[in-house]
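Visitor: Could you take me on a close look at the charged side chains here? I would like to know which ones pair up, and what surrounds them.

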Amino acid sequence: MARPSKYTIALATKICERLMVGQSLRSICAQKEMPYQATVYRWLTQSESFRDQYTRAREVQADTLADEVLDIADDSTQDMQVDEQGNERVRHEAVQRSKLRVDARKWLAGQLAPKKYGDRIQQNISGANDGPIEQKITIVDEAQVKATVAHLEESY
């Protein structure tokens, strides 16, 4: 069976629903009943309604990823193991894998919804006595700049 390449509302909705529950576009398009990724990207350039639906699906996907972060962080079922002597030992590989899964989801959520989940950068700027900051603007004559550049070129 050939992969679908014709845009339909039903297929676009299926793709967006899968995105909303956290699947990647790559994994969705790897399925035989789904179009190739390039086809979906073409649809995005051709259909404004699909582009809007896709954008909303990606926003919901960011929320899904944020929820998954909590689930992964709270799940400690694989963190410990009991050895042959009955001693509990930390499974460092499982702990590191959970950390990687959390970090990947945090990063992707921040990329999909930067205002909501991205790193916040705050700048505090103050002047003398917390008054207004003075800015000095110099207006330069274009002919003067050309003359200075020509003079500098002659010096070399």
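Guide: Let's begin with a term we will need: a residue is called buried when its relative accessible area is under 20%, exposed when that value is over 50%, and partly exposed in between. Please keep in mind that we are looking at a predicted model.

Here is the setting. The chain has 7 helices and 2 strands, and from the N terminus on they follow the order α-α-α-α-β-β-α-α-α. Of its 156 residues, 23% are buried. Among contacts between residues at least 6 apart in sequence, 57% join residues that are at least 24 apart.

Now for the charged pairs. The chain holds 5 salt bridges, and we can visit three of them, starting with arginine 18. Its partner is glutamate 33, and the closest N and O atoms of the two are 3.5 Å apart. Arginine 18 belongs to helix α1, while glutamate 33 sits in the loop between α2 and α3, so this pair ties together parts that are 15 residues apart in sequence. How covered are the two partners? Arginine 18 has a relative accessibility of 22%, so it counts as partly exposed. Glutamate 33, with a relative accessible area of 33%, is partly exposed as well.

Next, please find helix α4, which takes in residues 48–74. Two salt bridges meet us there. In one of them, aspartate 63 pairs with lysine 116, with 3.0 Å between the closest N and O atoms. Because lysine 116 lies in helix α6 and aspartate 63 in helix α4, the pair ties together parts that are 53 residues apart in sequence. Aspartate 63 is partly exposed, at 26% relative accessibility.

In the other, glutamate 68 is joined to arginine 105, and here the closest N and O atoms are 2.6 Å apart. Arginine 105 comes from helix α5, which covers residues 92–112, and glutamate 68 from helix α4, so this bridge links parts that are 37 residues apart in sequence. Glutamate 68 has a relative accessibility of 22%, which makes it partly exposed.

Helix α4 also holds a charged residue with another story: arginine 58. This arginine is buried, yet it has no salt bridge. How far away is the nearest side chain of opposite charge? That is glutamate 59, at 11 Å, whereas a salt bridge needs a nitrogen and an oxygen within 4 Å. What does arginine 58 touch instead? Setting aside neighbours within four places in sequence, its contacts are Leu19, Leu25 and Leu112.

Two of those leucines lead us to the nonpolar core. Leu19 and Leu25 are among the residues with the most contacts inside the largest nonpolar core, which has 15 residues; Ile15, Val40, Phe50 and Tyr54 are the others named. Helices α1, α2, α3 and α4 each supply at least two residues to this core, and the largest share, 5 residues, comes from α1. In soluble globular proteins, nonpolar side chains tend to be buried together. For a feel of the packing, look at isoleucine 15: beyond residues up to four places away in sequence, it touches Leu25, Ile28, Met34, Pro35, Val40 and Trp43.

Let's look back once more at our charged side chains. Arginine 18 is partly exposed and bridged to glutamate 33, whereas arginine 58 is buried and has no salt bridge.

Methods. Residues numbered from 1 in each chain as written. Predicted model: local features only at pLDDT ≥ 70, side-chain atom pairs only at ≥ 80, totals over all residues. Heavy atoms only, no water. Helix = DSSP H or I, 4+ residues; strand = E, 2+ residues; numbered from the N terminus. Buried < 20%, exposed > 50% of the residue type's maximum accessible area, 1.4 Å probe, protein only. Contact = heavy atoms within 4.5 Å. Core = buried A, V, L, I, M, F, W, Y, C linked by side-chain atoms within 4.5 Å. Lys, Arg positive; Asp, Glu negative; His and termini not counted.
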